[in-house]
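Here is a short briefing on one protein chain. Keep the sequence and the 3D view open as you read.

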Amino acid sequence: MVADPTHGSSPTPGLRLSTLAVTAGRPDKTPDAPFNTPITMAATYVAGGDVEYGRYGNPTWTALEDALGALEGGRCLTFASGLAAVATVLDLVGADAKVVVPRHAYTGTIMQLADLEARGRLRAELVDVTDTEAMVAACADAALVWLESPTNPALEVADIATITAAAHEAGAYVVVDNTFATPLLQRPLEHDVDLVVHSATKYLAGHSDVQMGAILTRDDELHAVLKGRRDLVGAIPGPFEAWLTLRGLRTLHLRVERAQANAQELVRRLGEHPALSEVRYPGFGGIVSIVLAQGEMAADLLCRKTRLWVHATSLGGVESTLERRRRWKSEAATIPDGLVRLSVGVEDVEDLWDDLRAALDGCVG
């Protein structure tokens, strides 16, 4: 499901998602109360309350979790990084159980699965997420079905509702990594998904200065189990990082709306450039993947020639970045050598186009 980032419905009656991004997780409006939730720097709490120790809770985390939970429509737990959130979910999979995962997905997730499989902890089956029949068939003996939609970096879209129904019929849990779409454009929990994962480092924080992860669920039992795992292994976020992420969340709707508008305009222009053999875009969001007709060398040249676009591996910030994904040995071999992932930022689209076009002009064979 794709929602308008300004006018989407919300789980809080009477408030739209753009309003929730600004208002959720605020302190009570009492006289002389701070307008924003303060940073609580505490490792130890006075005994007799609900927290007791800094590994078990923090008011700054709670404010962020309340806000993100309101946007996704579930209960939230925050983590030290996106990969810490991924690891916490995978840690729940029983010995020798099967995990179904898209063949194209975030390399950190794929690498974690490969490591666990190599150590005999679980079995991973990689499937083309666009082949719904194959995904449904793979669910038959799975314990966990992991989805990305759109996938990173191929930008493939999954039939989340159909795959989730098949997984549940087989007794499997379903997780959706919603980092690319954000809850403004897609809310998987509305499709009966069990868990949603975010690398909050990306769009949610939005300024390339925080590492943070999150897991959301509507299942109170799952929430309790996951919190128990977080408490035990200590994969907790720092209070300052949580505060920065919440601060970034306040402008999420503005940033997503602008990045998406820029991306859609760039896609329209990129389709006519002779240096490209393919432009991949799912129709929403701020991530675009392009394939250089001349392959790997042209893609590397493009990444060196831009002046405004920054050559960097992360995404989802206010600034525009680009990267040839196969420069990483861990990237799937089925990703074209000449594929460059663009994370479109909020700069003026004409400046973005002028820089990108000039660099692409130098890549025409």
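Strands β10 and β11 (residues 321–324) pair in the parallel sense, over 2 bridges. This is a predicted model. The points below start from that strand pair and then move to the helices, the cores and the loops.

**The sheet**

- In general, the strands of a sheet pair through backbone hydrogen bonds, either parallel or antiparallel.
- In the β10 and β11 pair, His-311 stands opposite Leu-322 of β11.
- The pair belongs to an open sheet of 5 strands. Read across, the order is β8-β9-β12-β11-β10, and the pairing is mixed.
- Which strands stand at the edges? They are β8 (276–280) and β10 (310–311). Each has a single partner strand, so one side of each is left without a neighbour in the sheet.
- Helix α11 (residues 296–305) lies across four strands: β9 (287–292), β10, β11 and β12 (339–343). The helix runs at about 155 degrees to β11.

**Two crossing helices**

- Helix α10 covers residues 252–270, and helix α12 covers residues 349–361. Their axes come within 10 Å and cross at roughly 35 degrees.
- The crossing of α10 and α12 is right-handed.
- From α10, the contact uses Asn-262, Glu-265, Leu-266, Arg-269 and Leu-270. From α12 come Val-349, Glu-350, Leu-352, Trp-353, Leu-356 and Leu-360.
- How many residues of each class are in this contact of α10 with α12? There are 7 nonpolar, 1 polar and 3 charged residues.

**Nonpolar cores**

- In soluble globular proteins, nonpolar side chains tend to be buried together.
- The largest nonpolar core here has 54 residues. Leu-71, Met-135, Val-145, Leu-147, Leu-249 and Leu-252 touch the most other members.
- Helix α2 gives the most to this core, with 7 residues.
- Another core, of 26 residues, lies apart from the largest one. Its members include Val-267, Leu-276, Ile-290 and Val-340.
- What does Leu-252 touch, not counting residues up to four places away in sequence? Its contacts are Leu-71, Thr-182, Leu-184, Tyr-203 and Leu-204.

**A buried threonine**

- Thr-164 sits in helix α6.
- Is Thr-164 buried or exposed? Its relative accessible area is 1%. Buried means under 20%, so Thr-164 counts as buried.
- Leaving aside neighbours within four places in sequence, Thr-164 is in contact with Val-174, His-191, Asp-192 and Val-193.

**Backbone details in the loops**

- Asp-192, one of those contacts of Thr-164, has a positive phi of about 75 degrees although it is not a glycine. Asp-192 is found in the loop between α7 (182–185) and β6 (195–199).
- Glu-52 is not a glycine either, and it has a positive phi of about 75 degrees. Its place is the loop between α1 (17–23) and α2 (59–72). Glu-52 is partly exposed, with a relative accessible area of 35%.
- Where is Pro-150? It is in the loop between β4 (144–148) and α6 (160–169). The peptide bond from Ser-149 to Pro-150 is cis, with omega near 5 degrees.
- Pro-153 is also in the loop between β4 and α6. The peptide bond leading to it from Asn-152 is cis, with omega near 5 degrees.

Methods: Residues numbered from 1 in each chain as written. Predicted model: local features only at pLDDT ≥ 70, side-chain atom pairs only at ≥ 80, totals over all residues. Heavy atoms only, no water. Buried < 20%, exposed > 50% of the residue type's maximum accessible area, 1.4 Å probe, protein only. Core = buried A, V, L, I, M, F, W, Y, C linked by side-chain atoms within 4.5 Å. Contact = heavy atoms within 4.5 Å. Axes fitted to C-alpha atoms, helices over the stretch in contact; angles between N-to-C directions. Left-handed = near helix turned anticlockwise from the far one by under 90°. Nonpolar A, V, L, I, M, F, W, Y, C, P; charged D, E, K, R; others polar. Pairing = 2+ DSSP bridges.
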